[in-house]
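Subject: Structure handover

Hello,

Please find below the structure I said I would pass on. My notes on what was found in it follow.

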Amino acid sequence: RHWARDVRSNDCMIAISQSGETIDVLDAVRETLKANSKVLALVNVRHSTLALLTPFVHFLDAGREHSV
């Protein structure tokens, strides 16, 4: 989290997560929002934590995740 001190209010983060529950992404988004920066989320799951946490969301609607 050493990067968190470098986040400024005029920064913008693009957070990408299929599930919207990736803890590292959520932690980074929370820190960025604390700095009053903008966050845009690209996420597949509509009612995920990431989708609910961020003010700007684009839903990918990519369907179910299939593991290999």
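Is R46 buried, partly exposed or exposed? R46 is partly exposed, with a relative accessible area of 41%. Here buried means under 20% relative accessible area, exposed means over 50%, and partly exposed lies in between (1.4 Å probe, protein chains only).

First, how to read the rest. This is a predicted model, in which local features need pLDDT of at least 70 and side-chain atom pairs count only at pLDDT 80 or more, while totals for chains, interfaces and linings use all residues. Residues are numbered from 1 along each chain as its sequence is written, and side-chain values use heavy atoms, with hydrogens and water left out.

Overall layout

The chain has two helices and three strands, and along the sequence they follow the pattern β-α-β-α-β. Helices (H or I, at least four residues) and strands (E, at least two) are DSSP runs, numbered from the N terminus. Of the 68 residues, 26% count as buried. The accessible surface of the chain comes to about 4,800 Å², and 54% of that belongs to carbon and sulfur atoms. Those areas come from the Shrake-Rupley method with a 1.4 Å probe; for residues, only the protein chains shown count as cover. Among contacts between residues at least 6 apart in sequence, 51% join residues at least 24 apart, where contact means heavy atoms within 4.5 Å.

The sheet

The three strands form an open sheet in the order β1-β2-β3, and the pairing is parallel. Two strands count as paired if DSSP finds at least two bridges between them. At the edges are β1 (12-17) and β3 (56-59), each of which pairs on one side only. From one strand to the next the twist averages 15°.

Between β1 and β2 (residues 38-43) there are six bridges in the parallel sense. Among the bridge partners, I16 is matched with L42 in β2, and A15 is matched with A41 in β2. The route from β1 through α1 to β2 is a right-handed β-α-β crossover. Right-handed means that, with the strands pointing away from the viewer, the path from the first strand over the helix to the second runs clockwise.

In a regular strand the side chains alternate between the two faces of the sheet. Strand β1 shows this: M13, A15 and S17 point to one face and are buried, whereas C12, I14 and I16 point to the other and are not.

Helix α1 and L33

Helix α1 lies across β1 and β2 and runs at about 160° to β1. For that angle, axes are lines fitted to C-alpha atoms, for helices over the stretch in contact, and angles run from 0 to 180 degrees between N-to-C directions.

L33 sits in α1 (residues 23-34) and is partly exposed, at a relative accessible area of 25%. Leaving aside residues up to four places away in sequence, L33 touches V39, L53 and P55. The C-alpha atoms of L33 and V7 are separated by 9.4 Å, with their positions 26 residues apart along the chain.

Salt bridges

How many salt bridges does a search of the whole structure find? The search finds three, a salt bridge being a side-chain nitrogen of Lys or Arg within 4 Å of a carboxyl oxygen of Asp or Glu.

One joins D27 to R30, with the closest N and O atoms 3.9 Å apart. These residues are three apart in helix α1, so about one helical turn separates them. Both are partly exposed, D27 at 22% relative accessibility and R30 at 35%.

Another joins the side chains of E31 and K34 (3.3 Å, N to O). E31 and K34 are also three residues apart in α1, about one turn of the helix. K34 is exposed, with a relative accessible area of 62%.

R46, from the opening question, meets D61 in a salt bridge (3.1 Å, N to O). R46 lies in the loop between β2 and α2 (49-53) and D61 in the segment after β3, so the pair ties together parts that are 15 residues apart in sequence.

Backbone angles

D61 also has a phi near 50°, a positive value in a residue other than glycine. N36 is another such case, with phi near 60°. N36 is placed in the loop between α1 and β2 and counts as exposed, at 58% relative accessibility.

Regards
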